[in-house]
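The following exercises invite the reader to study one protein structure step by step. Each task is followed by a worked solution.

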Amino acid sequence: MRRGLLIGTVVSVALALAAGGTANALHLQIGKLRINATASISPSELPAKGQAPVEVTSVVRISTSDGAAPPKLRTLTLQFDKHGSLDTRGLPTCSATKLAGTTTKEARTACPKAIVGEGTGRAVVNLPGLPRQAVSSPLILFNAAPDGGRPTLLVHAYETVPAPNTLLTPIVIERINGGRYGYRAQIELPEIAGGYGAATLSKATIGATRKRGGRTVGYANAYCSGGRLQVYGTLAFEGGGFTNGTLVQPCHSAD
C-alpha cells in the first residue's frame, strides 16, 4: 500500500473538519464508481463567534457497483469552509527525520505530544500471479513544522505489502479567498503497491486539545455561521474520469 491511500485518508479527515455540524453523508455514483462519505463532529453545537475545539471522525468508501476494483484515484482538490480552522500555536511538531524507518509503535513513542489524529486506510491489491487481496495500514497524523507559514500535517504509516516499509506523507493547507471557502489542499496521489492497488476505505479521527493560557484549545476548531458548514471537492481518477461534490451539514449555535 502506497502513499495515495494515506493521502486519501488525511484528506477525508480534512473534509470532515471543514464540513462540521452533526453527522451527515454524501453518496455519489458515476457509472459503476461509488463514493460514500460520512462525517461527525463533537460537540454538535458550536459558537456563533470565535472558535471552539472539535473532534472529527470521517469514513470514506470507494467501490464499484459490479464488485470490480475501483479506478485509481490520482488527484484530490478540496476547498474548505472558512468557518473551520487549525490552531497549531504552542503545539509540538514532529519531523520526517524523527519518524524515518519507524514502525507504528515506534512512531507514537517518537513524537507523542505532536499526534493530532489516528486512523486506518485500506486498499485492494492485484499483484501479478496472486489473488486479489485487501490490505490495511494504521495511520498516525502528526503536527509538522509549517511550510511557508501554512499548516502542515505529517502522516505516518507502516506498510507490509509488498514489503515492510515506513511511509511519510506531508499535507499542506493553504489559505484562499473563495467566498464560502477559505482553505485549499491540492494533492497529487502516487501509485498504490507499485500501480497494482486502489484505495477502498479511509477512516480517521482528528482533534487533539491542549492547555494554553489557562484554557483548553484545540488543533481543530470551528464556529457556526449561516446554519451550515461545507466543503467542495474534486476527485480525478486514472484514465481521465473525475467527479466533484459538496458536503453540507447543518450547525447549531450554542450562544
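A residue is called buried under 20% relative accessible area, exposed over 50%, and partly exposed in between (1.4 Å probe, protein chains only). The structure is a predicted model, in which local features need pLDDT of at least 70, side-chain atom pairs count only at pLDDT 80 or more, and totals for chains, interfaces and linings use all residues. Residues are numbered from 1 along each chain as its sequence is written, and side-chain values use heavy atoms, with hydrogens and water left out.

**Exercise 1.** Determine whether Asn36 is buried, partly exposed or exposed, and describe its surroundings.

Step 1. The relative accessible area of Asn36 is 26%, so Asn36 is partly exposed.

Step 2. Asn36 belongs to strand β2, residues 33-42. Strands (E, at least two residues) and helices (H or I, at least four) are DSSP runs, numbered from the N terminus.

Step 3. Contact means heavy atoms within 4.5 Å. Not counting residues up to four places away in sequence, Asn36 touches Leu26, His27, Val59, Val60 and Arg61.

Step 4. The C-alpha atoms of Asn36 and Ile62 are 6.7 Å apart in space, although 26 residues separate the two in sequence.

**Exercise 2.** Locate His156 and identify the side chain joined to His156 by a polar contact.

Step 1. His156 is placed in strand β10, which covers residues 150-159.

Step 2. His156 counts as buried because its relative accessibility is 0%.

Step 3. A polar contact is a pair of N or O atoms within 3.5 Å; within protein, one must be able to donate a hydrogen and the other to accept it, and residues adjacent in sequence count only if both atoms are side-chain atoms. The side chain of Thr102 forms such a contact, of 2.9 Å, with that of His156.

Step 4. Leaving aside neighbours within four places in sequence, the residues in contact with His156 include Leu99, Thr103, Ala107, Phe142 and Leu168.

**Exercise 3.** Which cysteines form the disulfide, and which parts of the chain does the pair tie together?

Step 1. A disulfide is a pair of cysteine sulfur atoms within 2.5 Å. The structure holds one.

Step 2. The bond joins Cys94 and Cys111, whose sulfur atoms are 2.0 Å apart.

Step 3. Cys94 lies in the loop between β7 and α2 (96-99), and Cys111 in the loop between α3 (104-110) and β8 (115-125), so the pair ties together parts that are 17 residues apart in sequence.

Step 4. The torsion about the S-S bond is about 60°, so the disulfide of Cys94 and Cys111 is right-handed.

Step 5. Cys94 is buried at a relative accessible area of 4%, and Cys111 is buried at 5%.

**Exercise 4.** State the strand order of the open sheet that contains β17, and find its edges.

Step 1. Two strands pair if DSSP finds at least two bridges between them. The three strands of this open sheet follow the order β4-β17-β7, with antiparallel pairing.

Step 2. β4 (52-53) and β7 (84-86) each have a single partner strand, so one side of each is left without a neighbour in the sheet.

Step 3. β4 and β17 (residues 220-222) are joined by two bridges. Within β17, Asn221 is the bridge partner of Pro53.

**Exercise 5.** Describe the largest nonpolar core.

Step 1. A nonpolar core is a set of buried Ala, Val, Leu, Ile, Met, Phe, Trp, Tyr and Cys residues joined through side-chain atoms within 4.5 Å.

Step 2. The largest core has 28 residues, of which Phe80 and Val116 touch the most other members.

Step 3. Strand β10 gives the most to this core, with three residues.

Step 4. Apart from this core lies another, of 10 residues, among them Cys94, Leu99, Ile115 and Phe142.

**Exercise 6.** Examine the salt bridge between Arg180 and Asp81.

Step 1. A salt bridge is a side-chain nitrogen of Lys or Arg within 4 Å of a carboxyl oxygen of Asp or Glu. The whole structure has nine salt bridges.

Step 2. Between Arg180 and Asp81, the N to O distance is 2.9 Å. This pair links distant parts of the chain, 99 residues apart: Arg180 is in the loop between β12 (174-178) and β13, and Asp81 is in strand β6.

Step 3. Arg180 is buried, with a relative accessible area of 17%; Asp81 also counts as buried, at 1%.
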